[in-house]
Amino acid sequence: MSDQKKYTFSVAVTLVIANMVGTGVFTSLGYQVGPIPSGFPILLLWAVGGVVSLCGAFVYAELATTLKRSGGEYLFLSKVFHPVLGFLSGWTSMLVGFAGAVSAVAIAIGYYSADLTGLPVNVTAVTAILVVSFVHWFGVKTGGRFQNLMTTIKLSLIVVFCLAPFFLVGHPSGTVLVPKAGDLDIILSSGWAVSLVFVVYAYSGWNASAYIAGNLENAEKNLPRSLVLGTLVVTIVYLCLNTMFLYSAPMAELEGQNDVGNVVAMRLFGPAIGTFFSALFSFALLSTLSAM
């Protein structure tokens with residue numbers, strides 16, 4: 001395949017970022033503040049998740065640059081262990097792994113935009129999948145440009161979201177974000193360990209560019225860089241976002257909420273602008289859909 005028909009380094013990086021930054025970071029905190037009623041242990045969770053993801057990125061970088069073909073787990077399991085394992089992994093990914101993830105993101109797009117558009121969630125979800133599929137039908141270059149554009153928009157919105165509390169919040173939540181007495185007991189508790197499961201889910205996707213190793217320009221150099229750089233960027237983004245969530249809203253308001261982004265947006269911007277911002281976030285989730 002000629003370089004004109006291959007993905008660039010920037011596309012590989014945005015593919016990793018977009019695949020990781022989806023609904024997980026905007027839902028997980030609601031299930032963490034109950035068993036972990038302290039700011040620092042929660043932020044430590046997200047830092048540990050970043051370290052674990054980086055370890056995976058280093059392993060995948062080594063495997064992908066050695067085998068130099070697209071395929072992700074299907075290729076790795078087939079070549080390193082046995083083709084049967086690769087076969088099973090491939091069918092699992094197609095029927096559950098990616099199909100389920102694509103559906104979840106598409107439904108999230110429908111929920112976040114429902115108040116503004118008035119459309120049924122399923123209609124918006126199916127439309128989003130069809131639109132993104134149509135864009136990628138035009139080929140590698142068009143799909144790559146679309147991926148870069150949508151990921152840039154998403155990261156820009158997140159930056160605005162992270163900076164907004166310093167200008168709009170009149171009364172910060174009061175949650176202490178630095179280590180304090182009792183935090184060590186929380187970190188060693190079963191609740192902290194269970195909450196790590198939500199974090200690992202939110203970090204899933206760090207391996208995204210390994211799936212396009214055979215279609216990537218200078219894969220031997222660009223693939224490891226894209227995996228590591230993308231994961232580092234997302235780790236920083238997740239720490240900033242969760243710091244902002246905890247700073248902006250009391251834990252009592254966040255507990256049990258599966259749409260923390262909406263809760264904080266309403267608190268920061270008010271109902272009208274908060275609804276509009278939620279719709280913008282649904283638009284930004286198109287980058288995650290595109291990556292998958």
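**Close-up 1. Asn218 in the loop between α10 and α11.** In this predicted model, Asn218 sits in the loop that links α10 and α11. Its phi is near 45°, a positive value in a residue that isn't glycine. Most residues other than glycine have a negative phi. How buried or exposed is Asn218? Its relative accessibility is 47%, so Asn218 counts as partly exposed.

**Close-up 2. Helix α1 and its covered residues.** Helix α1 runs over residues 9–20, so to speak a 12-residue stretch. From its first C-alpha to its last, α1 reaches 17 Å, close to the 16 Å expected at 1.5 Å a residue. The helix is mostly covered, with 10 of its 12 residues buried. Here's the buried set: Val11, Ala12, Val13, Thr14, Leu15, Val16, Ile17, Ala18, Asn19 and Met20. What do these buried residues of α1 pack against? The partners are α7 (140–163), α10 (190–203), α11 (219–248) and α14 (286–291).

**Close-up 3. Where α1 packs on α11.** Two packed helices are described by the angle between their axes and the distance between the axes. For α1 and α11, the angle is about 40° and the axes are 8 Å apart. That angle makes α1 oblique to α11, since anything under 35 degrees would have counted as roughly parallel. As for handedness, α1 passes α11 in a right-handed crossing. On the α1 side, the contact is made by Phe9, Ala12, Val13, Val16, Ile17 and Met20. On the α11 side, look for Asn222, Arg225, Ser226, Leu227, Leu229, Gly230, Thr231, Val233, Val234 and Tyr238. Sorted by type, the residues of this α1 and α11 contact come out as 11 nonpolar, 4 polar and 1 charged.

**Close-up 4. Where α5 meets α6.** This view pairs helix α5 (residues 83–117) with helix α6 (residues 121–137). Their axes come within 8 Å and cross at roughly 125°. That makes α5 oblique to α6. The crossing of α5 and α6 is right-handed. Which residues of α5 meet α6? They are Val102, Ala106, Ile107, Ile109, Gly110, Tyr111 and Ser113, and they meet Val121, Thr124, Ala125, Ala128 and Ile129 in α6. The residues of the α5 and α6 contact split into 9 nonpolar and 3 polar, with no charged ones.

**Close-up 5. Val199, a buried residue in α10.** Val199 belongs to helix α10. With a relative accessible area of 0%, Val199 is buried. Leaving aside residues up to four places away in sequence, Val199 touches Gln32, Leu45, Trp46 and Gly49. Gly24 is worth finding too: the C-alpha atoms of Val199 and Gly24 are 7.7 Å apart, although 175 residues separate the two along the chain.

**Close-up 6. Ala193, also in α10.** Ala193 is found in helix α10. Is Ala193 buried or exposed? Neither label fits: at 44% relative accessibility, Ala193 counts as partly exposed. Measure up Leu45 against it in the viewer, and the C-alpha atoms of Ala193 and Leu45 should come out 8.8 Å apart. In sequence, Ala193 and Leu45 are 148 residues apart.

Conventions
Residues are numbered from 1 along each chain as its sequence is written. This is a predicted model: local features need pLDDT of at least 70, side-chain atom pairs count only at pLDDT 80 or more; totals for chains, interfaces and linings use all residues. Side-chain values use heavy atoms; hydrogens and water are left out. Axes are lines fitted to C-alpha atoms, for helices over the stretch in contact, and angles run from 0 to 180 degrees between N-to-C directions. Helices (H or I, at least four residues) and strands (E, at least two) are DSSP runs, numbered from the N terminus. Angles under 35 degrees count as roughly parallel, over 145 as roughly antiparallel, 65 to 115 as roughly perpendicular and the rest as oblique. A crossing is left-handed if the near helix is turned anticlockwise from the far one by less than a right angle, and right-handed if clockwise. Contact means heavy atoms within 4.5 Å. Ala, Val, Leu, Ile, Met, Phe, Trp, Tyr, Cys and Pro count as nonpolar, Asp, Glu, Lys and Arg as charged, and the others, Gly among them, as polar. The expected span of a helix is 1.5 Å times one less than its number of residues. Buried means under 20% relative accessible area, exposed over 50%, partly exposed in between (1.4 Å probe, protein chains only).
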